[in-house]
Amino acid sequence: MSKITLAIVKPDAVKAGNTGAIIDHIIKAGFKVKAMKMVRMTKESAMGFYEVHKERPFYGELVDFMCSGPCVPMMLEKENAVAEYRKLIGATDPAQADEGTIRKLFATSKAENAVHGSDSDENAKLEVAHFFSRGEILSNG
Ligand code: GDP
């Protein structure tokens, strides 16, 4: 089991001023932030990041949403990080998300759902590499 996952505070949550509150939840849940930046994704970057969803009907909407403003990708570390972080954020649709989860607290719809989380160890590695070079990741501390 890998100890890392890739989280993103998505443009809706950044725009709403919830970046700090979301990072606070993440840290209080025991994750260490090993890398973080604020970026505005280009269309090309968002299309690449969500390539796995390219056959889904909402792909175009998803790409446009992710480019609609700045977002905050982070590499997080914790034992069993992928599963633990997905538990912390809750279901894709905030209406289905458990009480106290980040999406229940901050998401407004299934599309604009405040945060991203990797769905496997393999994708976590690829997604971290999408945003961060080796020198941008803390090696200790
Ligand atoms: P996740 O792993 O919980 O983020 O969910 P998915 O992998 O199923 O979907 C990826 C992302 O696509 C979600 O986090 C949403 O931002 C977006 N998404 C999912 N379903 C829909 C939809 O029906 N319409 C739109 N516009 N976006 C969606």
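1. Ile 26 is a good place to start in this predicted model. Leaving aside residues up to four places away in sequence, Ile 26 touches Phe 31, Met 74, Leu 76, Tyr 85, Leu 88 and Ile 102.

2. Ile 26 also belongs to the largest nonpolar core, which has 20 residues. Together with Ile 22, Met 74, Tyr 85 and Ile 102, Ile 26 is among the members that touch the most others. Two or more residues come from each of strand 1, helix 1 (11-15), helix 2, strand 3, helix 5 and helix 6. Helix 5 is the biggest contributor, giving 4 residues. You may also like to look at a second, separate core of 19 residues, which includes Ile 8, Cys 71, Met 75 and Phe 132.

3. Helix 5 (residues 81-89) deserves its own look: Ala 81, Val 82, Tyr 85, Leu 88 and Ile 89 are buried there. Viewed down the axis of helix 5, these buried residues fall within an arc of 130°, so they line one face of the helix. Their packing partners are strand 1 (4-9), helix 2 (19-28), strand 3 (72-77), helix 6 (102-106), strand 4 (115-117) and helix 7 (121-131). Just after helix 5 comes Gly 90, with a positive phi near 85°.

4. Now for the largest pocket, with a volume of about 670 Å³. Of its 26 lining residues, Tyr 50, His 53, Arg 56, Leu 62 and His 116 lie nearest the centre. Helix 3 (43-49), helix 4 (59-66), strand 4 and helix 7 each give two or more residues to the lining, and helix 7 gives the most, with 4. By class, the lining holds 10 charged, 8 polar and 8 nonpolar residues.

Conventions
Residues are numbered from 1 along each chain as its sequence is written. This is a predicted model: local features need pLDDT of at least 70, side-chain atom pairs count only at pLDDT 80 or more; totals for chains, interfaces and linings use all residues. Side-chain values use heavy atoms; hydrogens and water are left out. Buried means under 20% relative accessible area, exposed over 50%, partly exposed in between (1.4 Å probe, protein chains only). The arc is that of the directions from the helix axis to the C-beta atoms. Contact means heavy atoms within 4.5 Å. A nonpolar core is a set of buried Ala, Val, Leu, Ile, Met, Phe, Trp, Tyr and Cys residues joined through side-chain atoms within 4.5 Å. On a 1 Å grid over the protein atoms alone, a cavity is a set of points where a 1.4 Å probe fits but cannot get out, and a pocket is an open set with protein on both sides within 12 Å along at least five of seven lines; lining residues have an atom within 4 Å of a point. Grid points are joined across faces, edges and corners, and a volume is the space filled by probe spheres set on the points. Ala, Val, Leu, Ile, Met, Phe, Trp, Tyr, Cys and Pro count as nonpolar, Asp, Glu, Lys and Arg as charged, and the others, Gly among them, as polar.
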